[in-house]
Amino acid sequence: MLVEKHDLHHEFPEFHDQIHDLKMNNAHFAKLFAEYHDKDHEIHRIEQGSEVSSDDYIENLKKQRLLLKDQLYAMLQKAV
């Protein structure tokens, strides 16, 4: 099964430098980035079959990841 990558560097390649700078200099961004990264990896493992979960659980994880991505994107836009 081909699983699409959703890490922030793939989602927002135009913000590569800003992602790095904010991770190093903004504790709130770094915390949200880590949460996003953890949720993305858990979703990836489930979609690849390495872990088993209910459909409701994975849908909830995806919603949480999307909320985090929206927050991170807003912070990236302000950093430009």
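Start by selecting helices H2 and H3 together: they pack at an angle of about 110°, with their axes 6 Å apart. Angles from 65 to 115 degrees count as roughly perpendicular, so H2 is roughly perpendicular to H3. The crossing of the two helices is left-handed. Before you go on, keep in mind that this is a predicted model.

**Stop 1: where H2 meets H3**

Show the side chains of Ile-19, Leu-22, Lys-23 and Asn-25 in H2. Which residues of H3 do they meet? Colour Ala-27, Phe-29, Ala-30 and Phe-33, and you have the H3 side of the meeting place.

**Stop 2: along H3**

Now select residues 27-48, which make up H3. You can try a little check here: pick the C-alpha atoms at the two ends of H3, and you will find them 31 Å apart. At 1.5 Å a residue, the 22 residues of this helix should span 32 Å, so the two values agree.

Next, look at the two ends. At the start of H3, a side-chain oxygen of Asn-26 comes to within 3.0 Å of the backbone nitrogen of His-28. After the other end comes Gly-49, whose phi is positive, near 90°.

**Stop 3: the buried residues of H3**

Stay with H3 and pick out Phe-29, Leu-32, Phe-33, Tyr-36, Asp-40, Glu-42, Ile-43 and Ile-46, which are buried. What covers them? Switch on helix H1 (8-11), helix H2 (16-25) and helix H4 (55-79), which are included in that cover.

**Stop 4: Arg-65 in H4**

Move to helix H4 and select Arg-65. Is Arg-65 buried or exposed? Its relative accessible area is 10%, and buried means under 20%, so Arg-65 is buried. Look at the end of a polar contact here: the side chain of Arg-65 pairs with the side chain of Asp-40 at 2.8 Å. Asp-40 is one of the buried residues of H3 that you picked out before. Leaving aside neighbours within four places in sequence, Arg-65 is in contact with His-6, Tyr-36, Lys-39, Asp-40 and Ile-43. Show these residues as sticks to see what surrounds Arg-65.

**Stop 5: His-10 in H1**

Finish at helix H1, where you will find His-10. Its relative accessible area is 49%, so His-10 is partly exposed. Which side chain does the side chain of His-10 touch through a polar contact? Select Asp-7: its side chain makes that polar contact with His-10, at 2.6 Å.

Terms used. Residues numbered from 1 in each chain as written. Predicted model: local features only at pLDDT ≥ 70, side-chain atom pairs only at ≥ 80, totals over all residues. Heavy atoms only, no water. Helix = DSSP H or I, 4+ residues; strand = E, 2+ residues; numbered from the N terminus. Expected span 1.5 Å × (residues − 1). Buried < 20%, exposed > 50% of the residue type's maximum accessible area, 1.4 Å probe, protein only. Contact = heavy atoms within 4.5 Å. Polar contact = N/O pair within 3.5 Å; in protein donor to acceptor, adjacent residues only side chain to side chain. Axes fitted to C-alpha atoms, helices over the stretch in contact; angles between N-to-C directions. Parallel < 35°, antiparallel > 145°, perpendicular 65-115°, else oblique. Left-handed = near helix turned anticlockwise from the far one by under 90°.
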